[in-house]
Amino acid sequence: MEQQCESGGECLRVVVNEDRISELPEALLVHIMSSLPTKTVLATSVLSKRWRHVWKTVQNLKFDSKYHRVRNFSEDVYKFFMLHKAPFLESLHLEIRNARHASDLGILVGIAFARHVRNLVLDLDYRHVYYDDVYPSVRFPSVLCSYDNNTLETLTLKHSILLDFPSRVCLKSLRKLYLYKVKFCEDSVCNLLCGCPSLGDLVVHGYSNCVRTLTIAVPSLQRLTIVDESIGSECCVINAPFLKYLNIRGIKYLKSCLIEKAPELAEANVSDVSNISNENILESLTSVIRLSLHLSPLEIKYPSGSIFHQLLYLELHTDKRKWWNLLTPMLEASPKLQILKLTDLDMSSAKGNGIGQKWIQPKCVPECLLFDLETFVWTGYEWQRKDEKEVATYILRNTGSLKKATFSTKPIEPVKLKKLRKRREMLNELASLGRASNPCDFVFESI
């Protein structure tokens, strides 16, 4: 605040410090403090008498054991909650970086449940302590999930946590479940998922499972993501009649993936599934509207008779040999396709030099090219490869409704003028092909 006064005919300006934050309503202060680390929130109690008790009603809390001494983490959390007065917790995040701190996990989770926590995150990441890649797992307190819980909406479990549910859980309000590199005991997956009647979003990332067949049967499930580097199961069965989004990525050892009863599936991303039969997956995705595929091109078996009647958006990754083996049947089976995207962000040599590789054109021009395709994007187009030029030429020459075509190529050093001129000639040739069949916008970019 500024004050002005007269002194000897001169005007002096006096600046008075004013604590405007402390004058804010307590509800607003609590809201602001909810976005701060709990350690910082607790430190505000020494600012003034007004701030002494504000922290006690903050509903978003995060505790990180790296800020506590080895033997005092659990004790510090207990003391905090003995003084904390909020009737419920919006979120609680416990990040435990030492196995000694995890010994009281059951009590800490019990406190969270007693405070009617809505969003709970447990991260037991103490890999840096063990250098032999063997991390002791801590058993999640399954007994706490046996009683009716009507408040927990989001549960995130990470790293060295063992899930052992001998009987069905009762998490009636749980809508989001994220599992990151946890371990399952036998039958625990079924007992966990069957006890979550409201579950809509499930993410399973890098788990260890002693069950050969992983069954995900959740009637309410709408979004499913499975990401894994070393999955323990050999088969995955998905039964989710209301599933709308599916993402399967990076699975090395899973041999089969069966998707049952997913008539409402609208979007799917499938990539890096080296051992799964592509035919089994594609046959289950015929209802999708958006589809992204990054499959092994050398063992592609397209399911005969399958038609993607609703497919509007298709993305194919082109970074492997003979990737176009899947392009032709997908174009022929997608009569309503409007957007086609071909992607090779790495532009690696994994697909070979193109010698001896020839793309076999469709016997008849696909219906989607003649009537529906409006956008064609090729990211990582290798203009020097004959096979890729054949694909681009065919698509541009046969499109009847194309509105925009975008080609992104690898940048060329300005000193290589001859190469620059050749690329420009090639791109101009593609543009003339497209405009001859149907006037549209052409965009050329460097990535």
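**Close-up 1. Strands S20, S21 and S22 pair in the parallel sense.** In this predicted model, strand S20 (residues 313-317) runs parallel to strand S21 (residues 339-343), and the pair is joined over 5 bridges. To find your way along it, start at Glu 315, whose bridge partner in S21 is Lys 341. S21 also pairs with strand S22 (residues 375-379), again in the parallel sense and over 5 bridges. Here a handy landmark is Leu 342, which has Trp 378 of S22 as its bridge partner.

**Close-up 2. Nonpolar residues line the second largest cavity.** The structure holds 3 cavities of 30 Å³ or more, and this view takes us into the second largest, with about 60 Å³ of space. Which elements each supply at least two residues of its lining? They are helix H5 (188-193), strand S11 (201-205) and strand S13 (213-217). H5 gives the most, with 3 residues. The lining is made up of Leu 179, Phe 184, Val 189, Leu 192, Leu 193, Leu 202, Val 204, Leu 214 and Ile 216. By class, that is 9 nonpolar residues, with no polar and no charged ones.

**Close-up 3. Cys 170 and Cys 190 sit without disulfides.** The structure holds 0 disulfides, and two cysteines invite a look at the distances. Why is Cys 170 not bonded to Cys 196? The sulfur of Cys 196 is the closest cysteine sulfur to that of Cys 170, but the two are 9.2 Å apart, so they are too far from each other for a bond. Cys 170 itself is buried, at a relative accessible area of 16%. Cys 190 is in no disulfide either, and its nearest cysteine sulfur, in Cys 194, is 3.6 Å away; a disulfide would need the sulfur atoms within 2.5 Å. Is Cys 190 buried or partly exposed? With a relative accessible area of 44%, Cys 190 is partly exposed.

**Close-up 4. His 116 and Lys 181 have positive phi values.** Most residues other than glycine have a negative phi, which makes this pair worth a pause. His 116 has a phi near 55° and is found in the loop between helix H4 (105-114) and strand S5 (119-124). Its relative accessibility of 40% makes His 116 partly exposed. Lys 181, also not a glycine, has a phi of about 55°. Look for Lys 181 in the loop between strand S9 (176-180) and strand S10 (183-184). At 32% relative accessibility, Lys 181 counts as partly exposed.

Definitions and conventions: Residues numbered from 1 in each chain as written. Predicted model: local features only at pLDDT ≥ 70, side-chain atom pairs only at ≥ 80, totals over all residues. Heavy atoms only, no water. Buried < 20%, exposed > 50% of the residue type's maximum accessible area, 1.4 Å probe, protein only. 1 Å grid on protein atoms, 1.4 Å probe; cavity = no way out; pocket = protein on both sides within 12 Å on 5 of 7 lines; lining within 4 Å. Points joined across faces, edges and corners; volume = space filled by probe spheres on them. Helix = DSSP H or I, 4+ residues; strand = E, 2+ residues; numbered from the N terminus. Nonpolar A, V, L, I, M, F, W, Y, C, P; charged D, E, K, R; others polar. Pairing = 2+ DSSP bridges.
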